[in-house]
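Reader: I am in my first year and would like a careful look at one part of this structure, with each term explained as it comes up. Please start from a sheet and work outwards to what surrounds it.

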Amino acid sequence: PRPRSRAATTSLRPQTMLGISASRNGGRGVGSIVGAFLAAHPPVTSAAPAACVVWSARALSTSTLTLASSSSNSGGGGGGGGGGGSGGGGAGAIDYSSYFTKKSRRREPSAIRELAPLMALPGMISLGGGNPNPATFPFKSMRVTLKTGAEFDVSGESIEQALQYSPTPGVGSLGRVLLELQTREHQLSEAQRARSAICVTGGSQEALSKAFEMLLDEESSVLVESPTYSGALAALVPLGCRLVGVPTDAHGLDPEALAATLDGWHGAPGTKPRILYTVPTGSNPTGCSMDVSRKRRVLEVCRRHGVLILEDDPYWFLQLRDRASLPGTTVDRGQSLFSMDEEGRVLRFDSFSKILSAGIRVGFATGPAPLVEQINLHSQASNLHTSGLSQAVVYNLLAHWGLDGGDGAAWHAHLQSVCEFYATQRDAFLASADRHLAGLAEWREPTAGMFVWLRLLGVRDSSPLIKRDALEKKVLMVPGASFMADKTAPTSFVRASYSTATPEQIDQALQRLRQVLVEMKE
């Protein structure tokens, strides 16, 4: 028996968010126990705000974790015919399972992990889980001091939750805040929000690599920007999939080149790409960003060809003012592919590495619930969940900054401060490049992120020059071949970062690069 679709809170504390998934073995196992229990013990509805506990018939029948507001129906996304095509223009038209690899299809929910929602219910006595007794943990509390002098504590229930095993999709309080953040940041409609789910991962790289394994294998082809993020290539190459490069320019991915690639595909049957990987904001390595019109065109092309989009956007919050703008100028971040997606075709990856801490290793994926749940199944069998301590620190910091029921003014002030820092760094780099590399290299002004993509004039292959000559003069940069799908093809490009070096060090480094280029020409 399954309860009617509903969104409701229980008598648990309001911060709790539960995702309940069902076993796929014909309704047997823990999933059916959950369904039977909830049918017999329906949750108590309250007037609590959005982002509450969600139980839905769809979740129990398709092993889908959903996050929805208390006023929305949790229907939407999920499998169903269409063979991966655009169908009737809704998420229900996309058969997500048709995109899964054989390995991914074999994943089953963990029977132990599925006990977690039941263990949290009032009155439940658990003899089933293998949680260590928290009385044996030596930690009592943790105090975090910010550079502003402000402090917050992680103690009581928060530290207890952080130190114990936690739900694979993420600690409930953080998941709720992230859902609200995504809803506001990307102006999600009720339909978009209802079909979406979030999972917290050890940095967005973890979610990205698991998404690749979910969707790609030796028989697959994947569309990637040329050039593209080297970390993505490192995850893709071992899968054995075919990498199909799509040209980029000063405004990011070229949608007409994308259309031409798909329209003119002449590969063997079953090899046509069904996945596009893109870094649309402050692309690593080029620093270029797609504008709204290009994103709209990319969505149109992908819709026509039944292509799912992996939107890797770690520099979304690191969009920079124009070089000519006054310091402190606020940047309109515009629209993401995720915000423009009306079908459930985009799986989005975000990161706190660039704006909070790289070492804290907290990122998150947002998108169609069946895709996110498949990542969760992978995590259940690998790392179980992201560090509870890291999640607790991030949640308490975001709450301190007003993102849990407040206006978020301190959060926005922090983002503005970070963006202004990197804009100043970028401007210093470009000024030094103007002084030392004019006539020796070409580059574009980065619109986001922390990289400049340099084309070395008169250099056919930058690899030996950067790996040998520049290194001898103690200048570190990354040869452009590291970012190409075909690493054997020579390229004159190199990637330089302006993130950590001081303006004085940047100037000295570009002086040294100039010496290398001049000596080469001599």
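Author: Two strands count as paired if DSSP finds at least two bridges between them, and both strands (E, at least two residues) and helices (H or I, at least four residues) are DSSP runs numbered from the N terminus. This is a predicted model, in which local features need pLDDT of at least 70 and side-chain atom pairs count only at pLDDT 80 or more, while totals for chains, interfaces and linings use all residues. Residues are numbered from 1 along each chain as its sequence is written, and side-chain values use heavy atoms, with hydrogens and water left out.

The sheet to look at is an open one of four strands, in the order β13-β14-β16-β15, with antiparallel pairing. β13 (441-442) and β15 (478-479) stand at its edges, and because each has a single partner strand, one side of each is left without a neighbour in the sheet. Between these edges, strand β14 (residues 451-456) and strand β16 (residues 493-497) run antiparallel and are joined by five bridges. If you follow Phe451 across, you find that its bridge partner in β16 is Ser497.

From the sheet we can move to helix α17 (residues 503-521), whose 19 residues should span 27 Å at 1.5 Å a residue (the expected span being 1.5 Å times one less than the number of residues), and this agrees with the 27 Å between its end C-alpha atoms. Several of its residues are buried (under 20% relative accessible area with a 1.4 Å probe and protein chains only, against over 50% for exposed and in between for partly exposed), namely Ile506, Asp507, Leu510, Leu513, Val516 and Leu517. The buried residues of α17 pack against β14, which we have just met in the sheet, and also against α15 and α16 (462-472).

Following α15 in turn, we find Glu420 within this helix, which covers residues 409-436. Although its side chain belongs to a charged amino acid by name alone, let us keep to its surroundings: Glu420 counts as buried, at 17% relative accessibility. Leaving aside residues up to four places away in sequence, Glu420 touches (heavy atoms within 4.5 Å) Arg321, Pro327, Gly328 and Thr329.

A second buried residue can be read in the same manner, this time in a loop. His186 sits between α6 (172-185) and α7 (190-195), and with a relative accessible area of 4% it is buried. Again without residues up to four places away in sequence, His186 touches Trp316, Ser336, Phe338, Ser339 and Arg348. From His186 to Ser339 there are 153 residues in sequence, yet their C-alpha atoms are 5.0 Å apart in space. With Ser336, the side chain of His186 makes a side-chain to side-chain polar contact at 2.8 Å; such a contact is a pair of N or O atoms within 3.5 Å, where within protein one must be able to donate a hydrogen and the other to accept it, and residues adjacent in sequence count only if both atoms are side-chain atoms.

Other loops are worth a look for their backbone. Arg361, in the loop between β11 (346-351) and β12 (363-368), has a positive phi of about 50° although it is not a glycine, and it is partly exposed, with a relative accessible area of 36%. Leu384, which is not a glycine either, has a positive phi of about 70°; this residue lies in the loop between α13 (369-380) and α14, and at 28% relative accessibility it counts as partly exposed.
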